[in-house]
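Open the viewer and keep the selection tool at hand. Each stop below says what to pick and what to look for.

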Amino acid sequence: MMSDGGTLLVGVANPATVDKLMQLASCVAKYAGYQLVVTHVVTVAPQISLTTARSSTEVSMAEALLRQAIEAGRRYGIVARAVVQVAREVHHGIISAAQSHEADVILLGYSELAADARQSAEKAFDRIVHKVARGSRVHVVVAKFRVDQMRTVLVPVGAGINLPLTGLLTKAIREHFEA
């Protein structure tokens, strides 16, 4: 196991993916010695102040989702901190949370959907991921969870600055999931 004491920020938005995201996050956090911070971004319209939005119903719903994530983390043997991030756009909230919590890695994920819902959901997610990757100064890891059980892991690797993180992820996943 590595132990660098960094921080892994996990963005959660969908109750259906929380358990899988937290399972993956916990295996990486344990392997790398990362602290785990889980965040959900509540978006706010321009005419509403960010301060006012902090007491909204959406924030209460986000807190419930984050409690679900914290509990999932406990089941996988890891303690996580929860942060509701209020922002004008999702990618700004994720980047801001990563900066304020000094994250080393951002983990985002989504589940495979039925064919009719897949295209629009994936496009929206892709736009957010693209903006996070472009605007963040830390590594961004994206996980796509398939409907069936994971048997293999494909990690595209090229020489460069991402190689150490790729190795860490590959080893953590192989060790945890025996993939």
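Which residues of α3 are buried? This is a predicted model, so keep that in mind while you look. Select Val59, Ala62, Leu65, Leu66, Ala69, Ile70, Ala72 and Gly73: these are the buried residues of α3. They lie on the same side of the helix, because they cover an arc of only 160° around its axis.

**Stop 1: the rest of α3**

Now select the whole helix, residues 57–75. It has 19 residues. From its first C-alpha to its last, α3 reaches 28 Å, close to the 27 Å expected at 1.5 Å a residue. Turn to the other side of α3 and pick Thr57, Met61, Arg67, Arg74 and Arg75, which are exposed.

What do the buried residues of α3 pack against? Add α1 (15–32), β2 (35–43), α2 (50–53) and β3 (80–87) to the view; these are the partners. Then step just past the end of α3 to glycine 77, which takes a positive phi of about 80°.

**Stop 2: serine 56**

Go to the loop between α2 and α3 and select serine 56. Buried or exposed? Serine 56 has a relative accessible area of 17%, so it counts as buried, being under the 20% cut-off. Show its side chain: there is a polar contact with the side chain of glutamate 58, at 3.3 Å. Next, draw a line from the C-alpha of serine 56 to that of valine 44. The two atoms are separated by 9.9 Å, and the residues are 12 apart along the chain.

**Stop 3: the nonpolar cores**

Which residues have the most contacts inside the largest nonpolar core? Select Leu8, Val28, Leu36 and Leu107. The core they belong to has 31 residues. β1, α1, β2, α3, β4, β5 and α6 each supply at least two of its residues. The element that gives the most is α1, with 10 residues. In soluble globular proteins, nonpolar side chains tend to be buried together.

Center on valine 28. Leaving aside neighbours within four places in sequence, valine 28 is in contact with Leu8, Tyr34, Leu168, Leu169 and Ala172. Apart from the largest core lies another core, of 14 residues. To find this second core, select Leu9, Val41, Ala87 and Val132, which are among its residues.

**Stop 4: two loops**

Select glutamate 102, in the loop between α4 (90–100) and β4 (105–111). Its phi is positive, about 50°, although glutamate 102 is not a glycine. Glutamate 102 is exposed, with a relative accessible area of 65%.

Move on to serine 136, in the loop between α5 (115–135) and β5 (139–145). Serine 136 is buried, and its relative accessible area is 13%. What does serine 136 touch, leaving aside its neighbours within four places in sequence? Ile95 and Ile106 are in contact with serine 136. Also show valine 138: its backbone nitrogen lies 3.1 Å from a polar atom of the side chain of serine 136.

**Last stop: confidence**

Color the model by pLDDT. The mean for the protein is 82, and 74% of its residues reach 70 or more. Which element has the lowest mean pLDDT, and which the highest? Helix α6 (residues 163–177) has the lowest, at 68. Strand β1 (residues 7–11) has the highest, at 96.

Methods. Residues are numbered from 1 along each chain as its sequence is written. Side-chain values use heavy atoms; hydrogens and water are left out. Helices (H or I, at least four residues) and strands (E, at least two) are DSSP runs, numbered from the N terminus. The expected span of a helix is 1.5 Å times one less than its number of residues. Buried means under 20% relative accessible area, exposed over 50%, partly exposed in between (1.4 Å probe, protein chains only). The arc is that of the directions from the helix axis to the C-beta atoms. Contact means heavy atoms within 4.5 Å. A polar contact is a pair of N or O atoms within 3.5 Å; within protein, one must be able to donate a hydrogen and the other to accept it, and residues adjacent in sequence count only if both atoms are side-chain atoms. pLDDT is the predictor's confidence in each residue, from 0 to 100. A nonpolar core is a set of buried Ala, Val, Leu, Ile, Met, Phe, Trp, Tyr and Cys residues joined through side-chain atoms within 4.5 Å.
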